Amino acid sequence: MPLVFAAVAPHGAPAFDDPEGATRAGLEELGRRFAAARPEAVIVLTPHGFQVDAHVVVVRSARLEGDASQWTDADTHLELKGDPALAEACISALQGDGIPAVGATFGASLAEASTMPLDWGALIPLWFMRAPAVVVTPCRALSNDEHVRAGAALARAAGGHRVAFIASADHGHGHAVDGPYGFSEHSKPYDDAIVDVVKRNALGELVGWDAQRAIDAKADSFWQLLMLHGVLGDGFDADFLTYEAPTYFGMLTASFRPST
């Protein structure tokens with residue numbers, strides 16, 4: 001199995017603004033485990049990347065650069081290599097399995113001449129888990145089953161290389177009345193259920209959920225987790241690390257390693 005490590009990682013500013021917090025500790029532990037797995041490249045799913053109607057988007061750029069200055073005063077400038085060859089393999093695998101997918105570059109059509117701006121959903125996990133990266137944005141117009149199939153296609157695209165996979169995911173965004181999205185009575189139950197599913201290594205149960213459950217909770221995690229299930233199948237053990245909702249949204253860290 002070419003996939004050597006996988007994670008659920010958050011992308012909120014408390015990762016930087018609360019260096020003593022649970023989320024920061026979880027991300028630092030993910031970073032240590034990621035490094036120990038020695039991946040040659042990483043595929044990161046972000047809900048905040050390029051959005052193309054009815055398509056999964058795969059970044060083909062040879063360089064990635066950005067910061068999270070919109071969200072935090074911490075120095076978060078990050079430059080990484082992309083992996084255009086892996087990106088092309090991802091696009092081919094997705095399209096070959098009937099998943100609508102497109103490649104994307106920024107500033108130049110040639111991948112080798114393109115530097116893609118990093119969105120915060122990709123940048124924050126990659127700050128702690130650094131390797132040549134392919135950034136993928138799911139498509140909420142696809143069905144649950146299509147998201148699972150998309151994840152399986154991405155796993156196949158890894159070929160014989162040592163690849164890590166990160167599902168960048170923040171959960172319910174309605175935990176606080178004064179938050180930008182207001183209060184939702186669905187956010188805490190959704191987060192509690194996600195924590196339970198991850199702890200039990202039961203991501204497959206999400207296939208039977210109605211996506212409206214995540215929408216009502218104002219979550220941006222459901223679709224990436226479906227793809228993560230497609231990547232992992234039944235061949236990985238889960239290790240839940242942390243969960244907290246210190247602000248209006250919930251953040252979770254967990255790692256997955258090949259079953260022995």
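Contact means heavy atoms within 4.5 Å. This is a predicted model: local features need pLDDT of at least 70, side-chain atom pairs count only at pLDDT 80 or more, and totals for chains, interfaces and linings use all residues. Residues are numbered from 1 along each chain as its sequence is written, and side-chain values use heavy atoms, with hydrogens and water left out.

**Exercise 1. Histidine 147**

Task: Find which residues histidine 147 touches, leaving out those up to four places away in sequence.

Solution.
- Start with the element. Histidine 147 sits in helix α5, residues 144–157. Helices (H or I, at least four residues) and strands (E, at least two) are DSSP runs, numbered from the N terminus.
- Check exposure. Buried means under 20% relative accessible area, exposed over 50%, partly exposed in between (1.4 Å probe, protein chains only). Histidine 147 has 1%, so it is buried.
- List the contacts. They are Pro138, Cys139, Arg140, Leu142, Trp223, Leu226 and Met227.
- Look at three of these partners again. Trp223, Leu226 and Met227 are among the buried residues of α8.

**Exercise 2. Helix α8 and its end**

Task: State how many residues of helix α8 are buried, then examine leucine 232.

Solution.
- Count first. In α8 (residues 222–232), 11 of 11 residues are buried.
- Take leucine 232, which belongs to this helix. Its relative accessibility is 7%, so leucine 232 counts as buried.
- Name its contacts, again without residues up to four places away in sequence: Leu3, Ala6, Leu203 and Phe256.
- Compare sequence and space. Leucine 252 is 20 residues from leucine 232 along the chain, and their C-alpha atoms are 18 Å apart.
- Step past the helix. Glycine 233, just after α8, has a positive phi of about 55 degrees.

**Exercise 3. The eight-stranded sheet**

Task: Work out the strand order of the open sheet of eight strands and find its edges.

Solution.
- Apply the pairing rule. Two strands pair if DSSP finds at least two bridges between them.
- Read the order: β6-β3-β8-β2-β9-β1-β11-β10, with mixed pairing.
- Mark the edges. β6 (101–104) and β10 (236–244) each pair on one side only.
- Inspect one pair. β3 (residues 56–59) runs parallel to β6 over four bridges. Valine 59 is opposite alanine 104 of β6.
- Add the helix. α3 (residues 84–96) lies across β2 (41–45), β3, β6, β8 (133–137) and β9 (163–168), at about 160 degrees to β3. Axes are lines fitted to C-alpha atoms, for helices over the stretch in contact, and angles run from 0 to 180 degrees between N-to-C directions.

**Exercise 4. The three-stranded sheet**

Task: Explain why β5 and β7 each have one side without a neighbour in the sheet.

Solution.
- Write the order. This open sheet runs β5-β4-β7, with mixed pairing.
- Locate the edges. β5 (78–81) and β7 (115–117) each have a single partner strand, so one side of each lacks a neighbour in the sheet.
- Check one pair. β4 (residues 63–66) and β7 are parallel, with three bridges. Leucine 64 has methionine 116 of β7 as its bridge partner.

**Exercise 5. The pocket lining**

Task: Identify the residues nearest the centre of the largest pocket and classify its lining.

Solution.
- Fix the term. On a 1 Å grid over the protein atoms alone, a pocket is an open set of points where a 1.4 Å probe fits, with protein on both sides within 12 Å along at least five of seven lines; lining residues have an atom within 4 Å of a point.
- Go to the centre. Of 20 lining residues, His48, His173, Tyr181, Asp220 and Tyr248 lie nearest to it.
- Sort by type. The lining holds 11 nonpolar, five polar and four charged residues. Ala, Val, Leu, Ile, Met, Phe, Trp, Tyr, Cys and Pro count as nonpolar, Asp, Glu, Lys and Arg as charged, and the others, Gly among them, as polar.
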